[in-house]
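Me: I've got a structure open and I'm not sure how to read it. Can you walk me through where the chains meet and how the helices sit?

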Amino acid sequence: MDGQPVMDLASAMERFDGDQDLFLTLAEMFLERSPATLTAIQTALADKNLPMLAKEAHKLKGSAMEFCARPTVAAAGQLEESARRSALNEIAAIGERVHAEVQRLTAALQVIIEKGFPS
Amino acid sequence: MAEPAHRIEDEPLAGKAAKPTPVILLVDDDEMTRISMAGRLKRLGYRVIEAGDGVAGLAAVRAQRPDLVILDWMMPGLDGPSVCEAIRADGELRSSQVVLMTAHDQPGQIAEGLSRGADDFLSKAASKQEVLARVQASLRSSALVREIERTRDDLDRSHRLLSAKQAELESELQSAAEFVRAQLPLPGMPAPGIGMQWAYQPSLALGGDLFQVGAWGSETLGLYILDASGHGVAAALRAVALMSFLREENLAKAVGSFDPGAIITEANRRFPLTQDGEYFTLWVGRLHLPSQTVSYAAAGHCGAFLHSLQGASQWLSSASLPLGFDPTITFDSATAQLRPRDRLYLLSDGIYEAPSPTGELWGRERLQATLESHRNHTLAHSIGDTMTTARQWLGGDIFPDDVALLGVEVLDSSGPAKEKS
């Protein structure tokens with residue numbers, strides 16, 4: 001999964017019709033919210049609270065879609081799906097993958113926020 | 001990388017500033033998705049209003065009547081499909097255009113959304129082109145639906161206006177019909193020893209057939225029936241005008257005589273053909289009470305039927321033009337003798353020209369036979385039953401022409417004819 005680009009910036013900007021301000025606003029929101037999201041996912045995993053896990057994973061999937069961050073979208077989607085299927089044997093490993101993808105995405109967004117868009 | 005912002009001017013929305021900007025209501029509990037989609041829609045040239053949950057969304061649909069509602073599927077409380085259902089269940093909101101938005105895009109979910117009232121689906125991952133295409137398609141539908149609703153409202157308004165106008169006209173027509181009916185004689189005994197009954201059924205609210213029986217001088221009874229060509233208000237107004245001419249005091253002044261021929265000759269002069277070719281036919285009789293002799297004259301009218309119990313029954317008519325065709329002609333009176341219990345029927349052609357369902361006219365012979373079959377019944381019975389027989393021939397209640405049937409009876413010294421048991 002690490003081989004896949006963390007996000008498709010060109011597609012994301014096409015979605016926003018080139019509106020960099022909108023992209024940055026959403027990126028900042030994502031960075032602000034992602035720690036709480038990861039904590040909520042961790043808690044739901046620990047508590048085996050599958051409805052909460054599915055809900056948080058679904059929200060994360062929707063947010064990651066904004067940036068065309070396909071690996072995060074895919075991992076969150078799998079976590080949501082596993083939680084809905086109550087596949088307890090899968091969720092811990094997928095949870096870890098979600099965590100890693102979110103870290104990768106936040107790092108990439110952080111770079112854009114600090115250094116601007118790649119030319 | 002991304003398309004430059006000015007490219008949006010190529011979009012169909014650009015250059016249509018005269019049209020109001022379409023309003024889109026965006027309902028999503030996730031702030032990030034809401035900001036993203038609202039930003040994208042605004043950039044596409046739409047006005048966007050936002051609601052943070054299903055309940056607030058439904059309230060905004062009611063309050064703002066947006067051109068399009070974009071609803072997130074998953075929301076706490078009232079979710080997207082439930083908002084859809086609430087919109088479809090509300091008569092006022094039913095025609096709203098609703099697009100469900102979701103991060104899922106499985107066919108099963110799409111089917112569920114459509115079955116619960118969504119018009120279309122939009123993935124949260126949709127590209128700018130897809131968002132634009134779906135929004136434009138939905139707005140086209142919305143515009144069409146609104147146009148239909150506006151047309152329907154216009155039609156409703158016109159219909160209400162027309163109904164009110166029609167009610168007003170019908171009420172006026174009713175008043176006019178009552179006025180015309182008030183001109184007709186009261187059934188009973190118009191003179192000592194004379195009984196009288198009638199039936200009258202105009203084809204419309206107002207009829208052009210009118211008749212009267214009343215004293216013309218001390219020893220004579222005047223009786224007439226007139227038929228104004230055409231039907232309805234115009235015919236009724238003309239009929240009432242001729243009726244005024246035929247009033248006793250007017251005849252004394254304008255004709256100077258109660259001779260039927262003289263009366264019709266004068267009426268023929270005074271009531272020429274109208275510009276529209278409308279005219280009258282008229283039958284006038286004068287019954288001399290002491291001698292029970294009737295003198296009569298007709299202008300194009302089918303005549304009266306004398307049903308004689310002792311003598312020969314006959315039609316009292318003459319070949320003549322209707323009023324107004326030739327102002328120079330003179331009409332002459334003829335006479336007939338009545339005997340006790342004889343009946344004189346004045347009638348409009350509408351009764352014997354009643355067509356059967358196959359188009360065959362009832363005819364004077366059948367009418368005469370029906371009247372004669374009631375020789376032992378009361379006059380009221382004869383009139384009522386003859387009308388019933390005519391309706392049976394017609395196969396309905398509404399005659400195509402005005403129908404009048406007036407009967408005058410010479411009572412014998414023992415009183416009016418009694419119903420045969």
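Reply: Sure! Keep in mind that this is a predicted model. Start with the meeting of the two chains: 20 residues of chain A are in contact with 20 residues of chain B.

Me: Which helix of chain A gives the most to the side that touches chain B?

Reply: α1 (9-15), α2 (20-47) and α3 (50-65) of chain A each supply at least two residues there, but α3(A) gives the most, with 6 residues. Sorted by class, that side of chain A has 8 nonpolar, 5 polar and 7 charged residues.

Me: How do I describe two packed helices?

Reply: In general, you give the angle between their axes and the distance between the axes. Here, α2(A) packs with helix α1 (residues 31-43) of chain B at an angle of about 175°, and their axes are 10 Å apart. Angles over 145 degrees count as roughly antiparallel, so that's what α2(A) and α1(B) are to each other.

Me: Which residues of the two helices make that contact?

Reply: From α2(A), they are A:Leu22, A:Thr25, A:Leu26, A:Met29 and A:Phe30; from α1(B), B:Met32, B:Ile35, B:Ser36 and B:Gly39. That contact has 6 nonpolar, 3 polar and no charged residues.

Me: And which residues are buried in helix α10 of chain B?

Reply: In α10(B), residues 364-373, look for B:Leu367, B:Thr370 and B:Leu371. They cover an arc of only 95° around the axis, so they lie on the same side of α10(B). These buried residues pack against β12 (304-307), β15 (343-347), α9 (349-352) and α11 (379-394) of chain B. On the face turned away from the buried side, you'll find the exposed B:Glu365 and B:Ala369.

How values were computed: Residues numbered from 1 in each chain as written. Chains lettered and ligands numbered in written order. Predicted model: local features only at pLDDT ≥ 70, side-chain atom pairs only at ≥ 80, totals over all residues. Contact = placed C-beta atoms within 7 Å. Helix = DSSP H or I, 4+ residues; strand = E, 2+ residues; numbered from the N terminus. Nonpolar A, V, L, I, M, F, W, Y, C, P; charged D, E, K, R; others polar. Axes fitted to C-alpha atoms, helices over the stretch in contact; angles between N-to-C directions. Parallel < 35°, antiparallel > 145°, perpendicular 65-115°, else oblique. Buried ≥ 20, exposed ≤ 12 C-beta atoms within 10 Å, placed from the backbone. Arc of directions from axis to C-beta.
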